[in-house]
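Got the model open in your viewer? Here's a walk through it, one selection at a time.

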Amino acid sequence: MTAKPHRKFDPMTLRRTVIEMAYAGSTAHIAPAFSIIEILAVLYRSHLNLGDGSPKSPGRDYLILSKGHGIMAQYACMHELGWLSSEDLGRYFSDGTVLKGLSDAHVPGVETTSGSMGHGLSVGVGLAWAAKRLGTKQRCFAIVGDGEMNEGPIWEAFLFAGHWGLSNLTVIIDNNGLQAMGRVEEVLRLGSIAEKLQAFGFETREVNGHDEGALDVALQQLDKLDSSRPRAIVAKTVKGYGVSFMHDNNIWHYTRLTPDTYRAAVTELDGNKKNAASV
Amino acid sequence: MRDAFSAALIKVAQQDERVLLLTGDHGYALFDEIRRLLPDRYLNVGVAEQNMVGVAAGLAKAGLRPILYGLSAFVPIRVLEQIKLDICYEELPVVMIGDGAGFVYGALGASHHCTEDISALRAIPNVRILSPADAHEMTRAMELAFALERPVYLRIGKCDIGAVHKGPINYDWGELIEMRPGDGGLGFIATGSMVAAALKEALRWKGSSVWSAPSVKPLNTDQVITICRSHRAVITLEEHSFYGGLGAAVAEISSTYTPCWIGRIGVQDRFAQYAGSYEYLRSEHGLDAAGISRQVDEFVERIGNASLRLSKSSRPGVLVPETK
């Protein structure tokens, strides 16, 4: 039996990387990283123009992780790109290292500093506006959390994007339905995100955010649309997706892995990978 | 001074096509000229200052040179965290203009008064602060701000009180400009609208010197040390809280390098209670000529008495490290 070629940005491999990082650094925020794994995988694999392939490539597309709490998922992708080494990941959270627990613009390839919510999208619309002004053809993809949509500047940025017809902007809402202290609908009811985005002037799609095929199709469709409107995808996701005991369980926004939960997570992810490979 | 700002703005925008003016729906007639001459360099982002700062960060990251305009009560105060994270952390080349600082919007009340912007920004790394006293200092401030390609906050206070310089003035970052030479008992260091007030008060004090500090951060340490050493006491004046502003910056240098009596004249730790004109509010906060004279007199009397009580010999002073 010949080994299958390594599939770039395999979601279960990325989750495994996140688990290794989180265990090495004894860090929280596993669940918010898990809900955006497929979104990032599809973007990095098929949609982001990475220019010459280096994180500092001047003409590359922008990827804004406005919900900076999911940063480990992006680190896992950057590891696959060779932008981060295994040593970088293995030393996560060690004293004097570069990678922090929230997205940080000092890391090449990470566009904005988040963690304080509602910052990244505004920077993203600025980048998209500048790309239009300068005629660079660069696109900007911004991942915004549904909990993050509590923040006022998100709506200011939506208005700005609609007003200026930023068709090179694609906002992807990570609609996992949970925020730090509870259900989004219980904390501050959002109602229909898609309808709201449409009302702000976005071309909008709703997809299962863990279905890579569906994400891929939605991104392609939006890219091909002959429309001067900004684009948005409401990605229905599950916080903690990929490890059954983390599914939709907000404890995993905060909890650190123990040797037992680490082994259980790894066993499940490795099992899923094997199942996926044998299909 | 606003004319000087507008002229300097148009000049840099004409020289550098990357320059863009962003406003949060403020600046009514101030931008008539740039809108007429360079309409595509003017971007009104709406009453959405937080987004405006993020947008400016994005524009700067993409290679443009945004100038953010707002009232100082909003830029920087309302958007302090955006300035900190989106602009200063990455040291992006954004020039931020805070107009109407101090009590310029007298009768409009607390929402439009701004006497905390310098303190707030001084504690944020990577941003420099300019506070010109007149049109001449403003023209140079704009040159400095644009040449730097890093975050700069330019504070515009009351600007229709006349010039303090006779003509164009050159100064560098941190530099204190000698307005009146003197080696008497008192030295005055002032910024913005208070430079004119300092010049007036100095006439009451024999041999006093007066310095204008258009660059509040950085502030030239060596120069402040020299001024402190040249006088028995230094009085600072600013239309800003007496916490954390120019007075604090001078006192920090003095206390570290050359202890000297520093009398900080500014807005006491309180809001304005009543509506009123700019002049009323200055006087209500003790920042009119009479109020300044009263405060300087009290300070001089206090240090006179204190100097007698705290003679050098009475101070305990063992400065030797503990040995094992």
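## Chain B: two domains

Start with chain B and find the C-alpha centres of domain 1 and domain 2, which lie 26 Å apart. Keep in mind as you click around that this is a predicted model. To colour the two parts, use the domain assignment of chain B: residues 2–155 for domain 1 and 177–303 for domain 2.

Now pick out where they meet. Domain 1 of chain B puts 22 residues into the contact, and domain 2 of chain B puts in 28 residues. On the domain 1 side, select α5, β5 (128–130) and α6 (135–148) of chain B, each of which supplies at least two residues. Colour that side of domain 1 by residue class and you get 10 nonpolar, 7 polar and 5 charged residues.

## The sheet in chain B

Next, show strands β7, β9, β8, β11 and β12 of chain B, in that order: these 5 strands form an open sheet with mixed pairing. Which strands stand at the edges? They are β7 (177–180) and β12 of chain B; each has a single partner strand, so one side of each has no neighbour in the sheet. Look along the sheet for the twist, which averages 25° from one strand to the next.

Zoom in on β8(B) and strand β9 (residues 209–212) of chain B, which run parallel and are joined by 4 bridges. Put B:I189 and B:W211 in sticks: B:I189 stands opposite B:W211, which belongs to β9(B).

Then bring the helices back. α8(B) lies across β8, β9 and β11 of chain B, and its run makes about 150° with β8(B). α9(B) packs on the sheet too, touching β8, β11 and β12 of chain B, with its direction at about 165° to that of β12(B).

## Helix α9 of chain B

Stay with α9(B) and select residues 246–257. This helix has 12 residues and reaches 17 Å from its first C-alpha to its last, close to the 16 Å expected at 1.5 Å a residue. Which of its residues are buried? Select B:L246, B:G247, B:A248, B:A249, B:V250, B:A251 and B:I253. For the cover over these buried residues, show α5 (117–122), β8 (186–190), β10 (215–217), α8 (221–230), β11 (233–241) and β12 (261–267) of chain B, which are included in it.

## A stop at B:A289

Move on to helix α11 (residues 289–309) of chain B, where you'll find B:A289. Buried or partly exposed? B:A289 counts as partly exposed because it has 14 C-beta neighbours inside 10 Å. Leaving aside residues up to four places away in sequence, B:A289 touches B:A197 and B:K200. Try a distance label from B:A289 to B:A190 as well: the two are 99 residues apart in sequence, and their C-alpha atoms are 14 Å apart in space.

## Where the chains meet

Now show both chains. The contact takes 20 residues from chain A and 20 residues from chain B. On the chain A side, the elements giving two or more residues are α6 (120–134) and α7 (152–163) of chain A. Select α6(A) for the largest share of that side, 10 residues. By class, the chain A side that touches chain B divides into 12 nonpolar, 7 polar and 1 charged.

## The sheet in chain A

Hide chain B and show β1, β2, β3, β7 and β6 of chain A. These 5 strands form an open sheet in the order β1-β2-β3-β7-β6, and the pairing is parallel. β1 and β6 (203–208) of chain A stand at the edges with a single partner strand each, so one side of each is left without a neighbour in the sheet. Ignoring direction, neighbouring strands here are turned by 15° against each other on average.

Two helices to add: α6(A) packs on the sheet against β1, β2 and β3 (169–175) of chain A, its direction making about 165° with that of β2(A). Helix α10 (residues 212–224) of chain A also packs on the sheet, touching β3, β6 and β7 (231–236) of chain A, at about 170° to the direction of β6(A).

Last selection: strand β1 (residues 62–65) of chain A. Both of its faces are covered, with A:Y62 and A:I64 buried on one side and A:L63 and A:L65 buried on the other. β1(A) pairs with strand β2 (residues 140–145) of chain A in the parallel sense over 4 bridges. Across from A:Y62 is A:C140 in β2(A), and across from A:I64 is A:A142 in β2(A).

Definitions and conventions: Residues are numbered from 1 along each chain as its sequence is written. Chains are lettered from A and ligands numbered from 1 in the order in which they are written. This is a predicted model: local features need pLDDT of at least 70, side-chain atom pairs count only at pLDDT 80 or more; totals for chains, interfaces and linings use all residues. A residue is buried if 20 or more other C-beta atoms lie within 10 Å of its own, exposed if 12 or fewer, and partly exposed in between; C-beta atoms are placed from the backbone. Two residues are in contact if their C-beta atoms, placed from the backbone, lie within 7 Å. The expected span of a helix is 1.5 Å times one less than its number of residues. Ala, Val, Leu, Ile, Met, Phe, Trp, Tyr, Cys and Pro count as nonpolar, Asp, Glu, Lys and Arg as charged, and the others, Gly among them, as polar. Two strands pair if DSSP finds at least two bridges between them. Axes are lines fitted to C-alpha atoms, for helices over the stretch in contact, and angles run from 0 to 180 degrees between N-to-C directions. Domain bounds come from an automatic or database domain assignment.
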